[in-house]
Amino acid sequence: YVKSVAISADGKRVVSGSYFKSTVKIWDMETGAVVRTLKIHLNVSSVAISADGKRVICSNRTFKKSDDAIVQMWDVETGAEVRTLAGHSKVVSSVAISADGKRVVSGSYFKSTVKIWDMETGAEVRTLAGHSKVVSSVAISAD
């Protein structure tokens, strides 16, 4: 099933993430055609697209003890994986990209943390801890 949908700021692309099929589809909004399908190695729990429509990020989730959950960044034009943001465990429930394209925010379901990442380098900028329950959704204001 489709777990998450996002629309680019210019309205030209729609991104959808399929949980059980472990795919991310990039759609042309005008024609409704699939532009690209990305095969992800874990279940997709959340997707986001950069304001310029050039990058897609997705969060992956696993309930296996040995696997870490990751955030993957993809190039929309080529379909190539740009980088992996690792540091969460088990489930990354939600992702967002700042309007200026400089930061990625991800929320951890079981660890109840929010991580802020540098979009260009993939470096973890900060971890926000202290939630008493799960973090199921993250968002970034445009300003």
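How many bridges join strand S9 to S10, and in which sense do the two strands run? Five bridges join them, and S9 (residues 92-97) and S10 run antiparallel. Keep in mind while you look around that this is a predicted model.

**Strand S10 and its neighbours**

Let's start with S10 itself, which covers residues 103-108. Five of its six residues are buried, so this strand is mostly covered, with buried meaning under 20% relative accessible area. On the S9 side, you can find Ser94 standing opposite Gly107 of S10. S9 and S10 make a hairpin with five residues between the strands, and Gly101 there takes a positive phi near 75°.

Now look at the other partner. S10 also pairs with strand S11 (residues 114-118), again in the antiparallel sense and over five bridges. Gly107 turns up here too, standing opposite Val114 in S11. S10 and S11 form a hairpin as well, with five residues between them, and Ser112 in the turn has a positive phi of about 55°.

**A closer look at Val105**

Val105 is a handy residue to click on, and it lies in S10. Is it buried or exposed? Val105 counts as buried because its relative accessibility is 11%, and the cut-off for buried is under 20%. Leaving out residues up to four places away in sequence, Val105 touches Ser94, Val95, Ala96, Val114, Lys115, Ile116, Val138 and Ile140. If you check backbone positions, the C-alpha atoms of Val105 and Trp117 are separated by 6.3 Å, and these two residues are 12 residues apart along the chain.

**The aromatic rings**

Next, hop over to the start of the chain. The model has three aromatic pairs, and two of them are set out here.

| Pair | Centre to centre | Between the planes | Type |
|---|---|---|---|
| Tyr1 and Tyr19 | 5.5 Å | 25° | stacked |
| Tyr1 and Phe20 | 5.2 Å | 70° | edge-to-face |

Where do the partners sit in the first pair? Tyr1 is in the segment before strand S1 (2-7), while Tyr19 is in the loop between strand S2 (13-18) and strand S3 (23-28), so the pair links distant parts of the chain, 18 residues apart. Phe20 is in the loop between S2 and S3 too, so its pair with Tyr1 ties together parts that are 19 residues apart in sequence.

Tyr19 counts as buried because its relative accessibility is 9%, whereas Phe20, at 59%, counts as exposed. Put together, ring pairs link Tyr1, Tyr19 and Phe20 into a cluster.

Note on methods
Residues numbered from 1 in each chain as written. Predicted model: local features only at pLDDT ≥ 70, side-chain atom pairs only at ≥ 80, totals over all residues. Heavy atoms only, no water. Buried < 20%, exposed > 50% of the residue type's maximum accessible area, 1.4 Å probe, protein only. Helix = DSSP H or I, 4+ residues; strand = E, 2+ residues; numbered from the N terminus. Pairing = 2+ DSSP bridges. Phe/Tyr/Trp six-rings, centres within 6.5 Å; stacked < 30°, edge-to-face > 60°. Contact = heavy atoms within 4.5 Å.
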